[in-house]
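Good morning. I was asked to walk the group through one structure, and to keep to what can be read off it.

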Amino acid sequence: MRTAYSVETVRAAERELMARLPDGALMQRAAAGLAAACADLLGRVYGSRVVLLVGSGDNGGDAMYAGARLARRGAGVTAVLLAPERAHAGGLAALRRAGGRAVGTAAVEELIGRADLVVDGIVGIGGKGGLRPDAVPLAAAAERSRAAVVAVDLPSGVDVDTGEVHGAAVRADLTVTFGTHKPGLLIDPAREYAGSVRLVDIGLELPAEPELEALQHADVARLLPVPAVESDKYRRGVVGVAAGSARYPGAAVLAVAGALRGGAGAVRYVGPAGDAVIARFPETLVSDQGPKRAGRVQAWVVGPGAGEDAATVAEVLAADVPVLIDADGLRLAEVGTVRARTAPTLMTPHAGEAAALLGVAREEVEGARLGAVRELAGRYGATVLLKGSTTLVADSRGGAVRVNATGTGWLATAGSGDVLSGLAGSLLAAGLSAVDAGSVGAYLHGLAGRFAAGGAPVGASDVAAAVGRAWRDVVAV
């Protein structure tokens, strides 16, 4: 599992480690890892042109010590000092001893334009807000150049703890981060600025509870339900799907499609789209008598394509089993009703729906996704899955937020969310917790989207059909 920790936690771990190490040893560890990553990216170090963008913090020191290592291997290394009087003295001396040079910020755009590699050491993990005005032209020049851009620990100008980006920031091709991932490297919009991320182990001892968790294949494989020899369809779990309407029968079909592939033993459908569902999936148990008369289920999915059917939403929420609420159900569910539930509740809004629930603009949610998902979870007393380019899953009781980035932009297509709802709801019925069902569902859904798309447009039905392939890919580790 990939984990990320806050600045405060990282700083505390660094202080504890530095107290046990010789002076400067920790920075040398970071610089060695940074230099190795830069060398790998360059391919040929000898004769390459490297420009270091150096601020006043320790990131600037890391950049200059790494630059010294590259200079000793034959690279031409120039440090651009944004604050020469506050540049890291030891790093600057080491760079000069290795044959590197240092210049001010005047007329350096041409220098950056000729570089093979630009190293961003402007701001460290303690930085807040966007880049200072004097750094903005340097970041812009790096983005325009042909050079590869490597960020030290994180791209300068992004908020490390929240993933927010206020103003200009460096766009990196590679971010070399030390000791642990930081939240801003895993959450959009900051994640878009980080490029690929390479973690360098510097020996930090971190607490068991991280700020963020990102499941990997092995983690998902351990969580997936597997039928035992004595299992039958009822022991594996039955998921109820209350979705669709005369206007949106497709939402019901797609939610059922996801549910059939999510690990539960059977799917019960309740709603006005029964004919469409049974025509496509004859294995579905269809009823038109409402949720209470549908038969026993271990979890419900309610809301996709429901229109104004508030009565069905209320009936499902009254059931003493886990419930996943999506789409129209989010709009129809009362806050007090959700908070009063004793069984787990999983809400799955996209940014627009989350904004409506919070009473803010969509842009506010998209710019501060971590804060939005936590606020929604706390307000409703539920687990919330906030869909997007990075999906976030937060529990109302606190703890680490799960983040998932397995998806693809091609998943931004009509009905994709309905498939995810059915898939995650089926995992709920199979016995997973709301956090696990949401994060595992998002992982498989994203992976299925990648497989189905293959770099081309894809429909929601194709995504549902690819869930089995994603499942097999995960368990093959």
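What follows is a short tour of the open pockets, one closed cavity, some helix crossings and a few backbone details.

One caution before the tour: this is a predicted model.

I will begin with the open spaces. Rolling a probe the size of a water molecule over the atoms shows where empty space is left. The largest pocket has a volume of about 870 Å³. Its lining is made of 36 residues. If you want to find its centre on the screen, look for H350, K387, G388, L411 and A412, the lining residues that lie nearest to it.

Which helices supply at least two residues each to the lining of the largest pocket? They are α7 (190-194), α14 (351-358), α15 (362-367), α17 (416-429) and α18 (434-453). Please remember α17 and α18, since both return later. By class, the lining of the largest pocket has 15 polar, 11 charged and 10 nonpolar residues.

The second largest pocket has a volume of about 540 Å³. There are 28 residues in its lining, and R11, M27, D58, N59 and D62 are the ones nearest the centre. The helices α1 (7-18), α2 (25-42) and α3 (58-72) each give at least two residues to this lining. Here the classes come out as 13 nonpolar, eight polar and seven charged.

While we are at α2, one residue in that helix is A32. Is A32 buried, partly exposed or exposed? With a relative accessible area of 30%, A32 is partly exposed, because that class covers the values between 20% and 50%. To get a sense of distance, take A32 and G438: they are 406 residues apart along the chain, and their C-alpha atoms are separated by 39 Å.

We can do the same with α14, one of the helices that line the largest pocket. A355 lies in α14. Its relative accessibility is 3%, so A355 counts as buried. Between A355 and H217 there are 31 Å from C-alpha to C-alpha, and the two are 138 residues apart along the chain.

Next, the closed space. How many cavities of 30 Å³ or more are there? The count comes to one, and the volume of the largest cavity is about 30 Å³. The residues around it are A214, L215, V403, N404, S439 and Y443. Two elements give two or more residues to that lining, namely β18 (401-404) and α18. Four of the lining residues are nonpolar and two are polar, with no charged residue.

So α18 has now come up at the largest pocket and at the largest cavity. How does α18 pass other helices? Take α17 to begin with. The axes of α17 and α18 come within 8 Å and cross at roughly 135°. The two helices are therefore oblique to each other, and the crossing is right-handed.

The other partner is α20, which covers residues 467-475. The axes of α18 and α20 also come within 8 Å, and the crossing angle is roughly 110°. That makes α18 roughly perpendicular to α20, because angles from 65 to 115 degrees fall in that class. This crossing is right-handed as well.

Last, the backbone. Most residues other than glycine have a negative phi, and most peptide bonds are trans. With that in mind, there are three places to look at.

The peptide bond between D188 and P189 is cis, with omega at about 10°. P189 sits in the loop between β7 (174-178) and α7, and α7 is one of the helices that line the largest pocket.

D153 is not a glycine, yet its phi is positive, at about 75°. You will find D153 in the loop between β6 (148-152) and β7. Its relative accessible area is 4%, which means D153 is buried.

A327 also has a positive phi without being a glycine, in this case about 50°. The loop that holds A327 runs between β14 (323-325) and α12 (328-332). Is A327 buried or exposed? At 19% relative accessibility A327 counts as buried, because the class takes in values under 20%.

That is the end of the tour.

Note on methods. Residues numbered from 1 in each chain as written. Predicted model: local features only at pLDDT ≥ 70, side-chain atom pairs only at ≥ 80, totals over all residues. Heavy atoms only, no water. 1 Å grid on protein atoms, 1.4 Å probe; cavity = no way out; pocket = protein on both sides within 12 Å on 5 of 7 lines; lining within 4 Å. Points joined across faces, edges and corners; volume = space filled by probe spheres on them. Helix = DSSP H or I, 4+ residues; strand = E, 2+ residues; numbered from the N terminus. Nonpolar A, V, L, I, M, F, W, Y, C, P; charged D, E, K, R; others polar. Buried < 20%, exposed > 50% of the residue type's maximum accessible area, 1.4 Å probe, protein only. Axes fitted to C-alpha atoms, helices over the stretch in contact; angles between N-to-C directions. Parallel < 35°, antiparallel > 145°, perpendicular 65-115°, else oblique. Left-handed = near helix turned anticlockwise from the far one by under 90°.
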